[in-house]
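Student: I would like to learn how to read a structure one feature at a time. Where do we begin?

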Amino acid sequence: MNILLLGGSGFIGTCLAERLYKDGHDVHVPTRRYERARHLLMLPTATVEEADVHDEHRLELLMDGKDAVINLVGILKGGEGSPYGRGFAWAHVELPKKIVRAAQRAGVRRLLHMSALGADARAPSGYLRSKAAGEAAAFAVPPPIAVTVFRPSVVFGRGDSFLALFARLQKLFPIVPLACPRARFQPVWVEDVAAAFTASLARQESWGRSYELCGPHRYTLRQLVAYAGRVSGHPRLVIGLPDAVARLQAMAMEFIPGAPLTRDNLRSMQVPNICEDGCTLPFGLTATPLEAVAPTYLAPPA
Ligand SMILES: NC(=O)c1ccc[n+]([C@@H]2O[C@H](COP(=O)([O-])OP(=O)(O)OC[C@H]3O[C@@H](n4cnc5c(N)ncnc54)[C@H](OP(=O)(O)O)[C@@H]3O)[C@@H](O)[C@H]2O)c1
């Protein structure tokens with residue numbers, strides 16, 4: 001297939017582009033900054049182009065002749081607002097609407113859309129509410145375009161900004177003051193996420209459906225932070241912060257460019273980020289345990 005991969009320069013996008021290449025597909029990745037996607041050029045059937053994907057006309061041209069569009073564009077910090085901040089509205093809601101319109105005009109037949117576990121119009125965070133609105137926009141596309149939506153829990157793997165961040169913090173600081181230590185996650189391996197996307201391309205049963213993607217085990221945030229410390233060789237004392245202190249910490253961090261935590265992130269963590277009982281991956285895929293992979297990129301060199 002000839003595939004347009006939006007958000008293909010990022011953590012999940014890079015893994016998915018490699019997987020699509022291995023499966024024999026051609027991948028075209030637009031990016032806001034060419035440098036961010038340059039690493040994809042080592043894939044012989046990948047092309048990279050600097051483009052403003054929010055420009056609907058440009059989007060339509062990018063889709064010309066494509067068999068499928070995959071939208072991975074997403075952000076964790078979109079500002080405050082009701083029902084969601086402006087950044088979330090732009091990236092998670094307006095863009096999917098533009099994608100759907102452009103896909104209709106360009107004659108694309110297949111759309112895979114990345115959402116997030118817990119996406120819900122009544123969720124406590126703008127991130128999750130905007131992801132729900134993005135799903136609704138994607139599903140609003142009329143036939144013959146077939147849509148499949150994916151909702152992963154937190155994704156881990158080489159290049160993640162989750163376990164790797166916790167490992168880095170413990171290398172730098174003697175203690176970790178942790179917001180929402182009891183927040184629950186069911187981390188899923190980035191390769192398993194990519195496998196679910198590529199498997200769905202050829203499966204008619206996935207048309208019009210959404211799939212939760214989770215790993216085999218559930219953890220609290222405190223357990224994950226402690227695990228990242230142990231595996232990276234810097235186990236530190238993890239101190240759970242009371243909610244009020246965590247809110248102040250997040251508020252202060254919002255002033256730092258590239259803030260690692262926002263108040264909206266805290267609200268997202270109020271919702272357990274875990275799959276329904278017995279559900280991990282679709283299409284007969286087997287979920288890979290965190291412990292089988294994380295040491296390969298967190299452990300210090302021997
Ligand atoms: N990582 C996780 O644990 C996780 C869990 C659940 C859901 N998700 C979802 O999975 C998707 C990919 O996540 P990721 O971790 O791979 O993110 P990432 O590494 O931050 O990559 C995000 C991608 O989105 C593009 N992008 C960001 N903001 C944009 C904007 N305003 N306009 C156009 N493009 C924009 C970036 O492209 P350029 O900078 O190249 O333009 C980049 O390729 C997101 O939708 C995210 O919400 C991720």
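Tutor: Begin with contacts along the chain. This is a predicted model. Among contacts between residues at least 6 apart in sequence, 75% join residues at least 24 apart.

Student: How many helices and strands does the chain have?

Tutor: The count is 11 helices and 13 strands.

Student: How does the radius of gyration of the chain stand against that of a compact globule?

Tutor: The general idea is to compare the value with the one expected for the chain length. A compact globule of 302 residues would have a radius of gyration near 19 Å, and the chain agrees because its own value is 19 Å. Taken along the principal axes, the box filled by the C-alpha atoms is roughly 55 × 45 × 40 Å. Of the 302 residues, 47% are buried.

Student: Let us take one helix. What span does α4 reach, and what would be expected?

Tutor: Helix α4 covers residues 86-106, which is 21 residues. From first C-alpha to last, α4 reaches 28 Å, close to the 30 Å expected at 1.5 Å a residue.

Student: Where in α4 does the kink lie?

Tutor: The kink is at Glu94, shortly before the proline Pro96, and amounts to about 35 degrees. Pro96 is also one of the buried residues of α4.

Student: Which other residues of α4 are buried, and what do the buried residues pack against?

Tutor: Among them are Phe88, His92, Val93 and Leu95, before the proline, and Ile99, Val100, Ala102 and Ala103, after it. The packing partners of the buried residues are two helices, α3 (56-63) and α5 (126-139), and two strands, β4 (68-71) and β5 (110-114). Just after the helix, Gly107 has a positive phi of about 80 degrees.

Student: Which residues other than glycine have a positive phi?

Tutor: Two cases are worth a look. Cys180 has a positive phi of about 50 degrees and sits in the loop between β8 (175-178) and β9 (184-185). Phe283 has a phi near 60 degrees and belongs to the loop between α10 (263-268) and α11 (290-298).

Student: Is Cys180 buried or exposed, and why?

Tutor: The test is a count of C-beta neighbours, and 20 or more within 10 Å makes a residue buried. Cys180 counts as buried because it has 21 such neighbours inside 10 Å. Phe283 has 14 other C-beta atoms within 10 Å, so it is partly exposed.

Student: Which peptide bonds are cis?

Tutor: The value to read is omega. For the bond from Ser82 to Pro83, omega is near 5 degrees, and the bond is cis. Pro83 is placed in the loop between β4 and α4, so to speak just ahead of the helix discussed above. The bond from Pro143 to Pro144 is also cis, with omega near 15 degrees. Pro144 lies in the loop between α5 and β6 (146-152).

Student: Last, the ligand. Which residues come nearest?

Tutor: There are 23 residues around the ligand, and Ser9, Gly10, Thr31, Arg32 and Gly74 come nearest. The elements giving two or more residues to this shell are α1 (11-22) and α2 (34-37). Helix α1 gives the largest share, three residues.

Student: How does the shell divide by class?

Tutor: The shell has 14 nonpolar residues, seven polar ones and two charged ones.

Note on methods:
Residues numbered from 1 in each chain as written. Predicted model: local features only at pLDDT ≥ 70, side-chain atom pairs only at ≥ 80, totals over all residues. Helix = DSSP H or I, 4+ residues; strand = E, 2+ residues; numbered from the N terminus. Expected span 1.5 Å × (residues − 1). Bend = angle between axes of the 7 residues up to and from the residue. Buried ≥ 20, exposed ≤ 12 C-beta atoms within 10 Å, placed from the backbone. Contact = placed C-beta atoms within 7 Å. Near = placed C-beta within 6 Å. Nonpolar A, V, L, I, M, F, W, Y, C, P; charged D, E, K, R; others polar. Rg over C-alpha atoms; globule rule 2.2 N^0.38 Å.
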